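Subject: Structure for your review

Dear colleague,

Please find below the structure that I agreed to pass on to you. My notes on what was found in it follow.

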Amino acid sequence: MLRVLGLDSGTEAVYRLMLEHPSWGVDRLVRELGQDRSAVTTALDTLADLALLRDAAAGEDTRDTPLLVPPRAGLGALLDRRQDELDRTQLEIDAGRAAVADVLADYTALGRTTGAGVERFTGAEAAGRLQADLTAQARGELLALVPRTAADDDPWTLDVPLHLHLLDRGVRIRILHMDSTTGSARNHEAAHRLLRAGAEIRTLPAVPLHLRLVDGASAALPLDPGDPDGGAVLLDEPGALAALRALFTHLWDTATPCDGTDGADGTGDDAGQAYSPRERALLRLLAEGLTDEAAARKLGISLRSERRMISSLSDRTGARSRFQLGLQAARSGLV
């Protein structure tokens, strides 16, 4: 119980017995505790080091009896010293945290120039640091366009262990990459590992550029789509982010879901072709949690038409509610 103050179980037992019987000498303590004399004297040394024992006053005859500092004063002072130690430790931790933040800021700033709502990172190394750092910040959603992986030092290579960590934390990951006839083997191997871990993967014959879009709040893409190794740009302007998300969503709605074997899964080609683009868009909006009114506005249709579409989709999928409909659409890869 008093270990936090520096008393191990043996020392605490000696201390408590002395509190009950302050007149007992060392020999009596040894007999009552049933311990070796060396163990008791070691405990007394510890108590002395912790300033819980006092020296005899002038003329005081203590013989073999150790003298206790009054416990309220002794333990109170010990608590105060322990609190001071913890306060110093906290200050050291705070200073360490600030130092780490400075190091990380310096690390990510290499090759960076800034502007209004835009940060530019020059060179492949800086671009790689940017996309890795941005990916690690994902808390809810990560969207990725992955055209190709050309070399081991490609700054846009999918960091599979990092993405697996995000999936373990519950981050939703959606990746668009090129299909098996045009994409690289490295991309497909990485994508399939992530797919098996819970990521959502779709393919297209061509993917226009590299992109990482995190939580709808930040996006990284190449400075020059024709030279992705030359550097990257980090955007946080809401208008630009909305446009990039719209691009991703448009490509996603037209892409082919993967099953981990370079083909479509059971809900891919056949199931996807059973829904019109507007129906797929509605399913996506439902999966994102939009209300009927908001979904209708997004689609540019009347509320009555939107609800008729929901009724038709529910009949076809067997969903009992609009929430279940959106959930089934997400699980089946339709959104």
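Two residues are taken to be in contact when they have heavy atoms within 4.5 Å of each other. In the protein chain, among contacts with a separation of 6 or more, 67% are between residues 24 or more positions apart. Please bear in mind that this is a predicted model.

The protein chain has 335 residues, of which 43% count as buried. Its secondary structure comprises 13 helices and eleven strands.

I should first draw your attention to strand β7, which covers residues 200–204. Five of its five residues are buried, and β7 is therefore largely enclosed by the rest of the structure. The side chains of a regular strand alternate between the two faces of the sheet. In β7, Glu200, Arg202 and Leu204 lie on one side, Ile201 and Thr203 lie on the other, and all of them are buried, leaving both faces covered.

Strand β7 has pairing partners as follows. Strand β6 (residues 172–178) runs parallel to β7 and is joined to it by five bridges; here Ile175 stands opposite Ile201. Strand β11 (residues 256–257) pairs with β7 in the antiparallel sense, over two bridges. Within that pairing, Thr203 has Thr256 of β11 as its bridge partner.

The next element is helix α8, which consists of 17 residues (residues 238–254). At 1.5 Å a residue, α8 should span 24 Å, and this agrees with its end C-alpha atoms, which are 24 Å apart. An α-helix has 3.6 residues a turn, so residues three or four places apart point the same way. The buried residues of α8 are Leu241, Leu244, Phe248, Thr249, Leu251, Trp252 and Asp253.

Helix α8 also contributes to the largest pocket. How much space lies in that pocket? The volume is about 350 Å³. The lining is made up of 16 residues, and those closest to the centre of the pocket are Ala246, Thr249, His250, Asp253 and Arg284. The elements that give two or more residues to this lining are α8, α10 (277–287) and α11 (292–299). Of these, α8 supplies the largest share, with seven residues. By type, the lining divides into seven nonpolar, three polar and six charged residues.

Two residues link these last two topics: Thr249 and Asp253 are among the buried residues of α8, and both are also listed among the residues closest to the centre of the largest pocket.

Yours sincerely

How values were computed. Residues numbered from 1 in each chain as written. Predicted model: local features only at pLDDT ≥ 70, side-chain atom pairs only at ≥ 80, totals over all residues. Heavy atoms only, no water. Buried < 20%, exposed > 50% of the residue type's maximum accessible area, 1.4 Å probe, protein only. Helix = DSSP H or I, 4+ residues; strand = E, 2+ residues; numbered from the N terminus. Pairing = 2+ DSSP bridges. Expected span 1.5 Å × (residues − 1). 1 Å grid on protein atoms, 1.4 Å probe; cavity = no way out; pocket = protein on both sides within 12 Å on 5 of 7 lines; lining within 4 Å. Points joined across faces, edges and corners; volume = space filled by probe spheres on them. Nonpolar A, V, L, I, M, F, W, Y, C, P; charged D, E, K, R; others polar.
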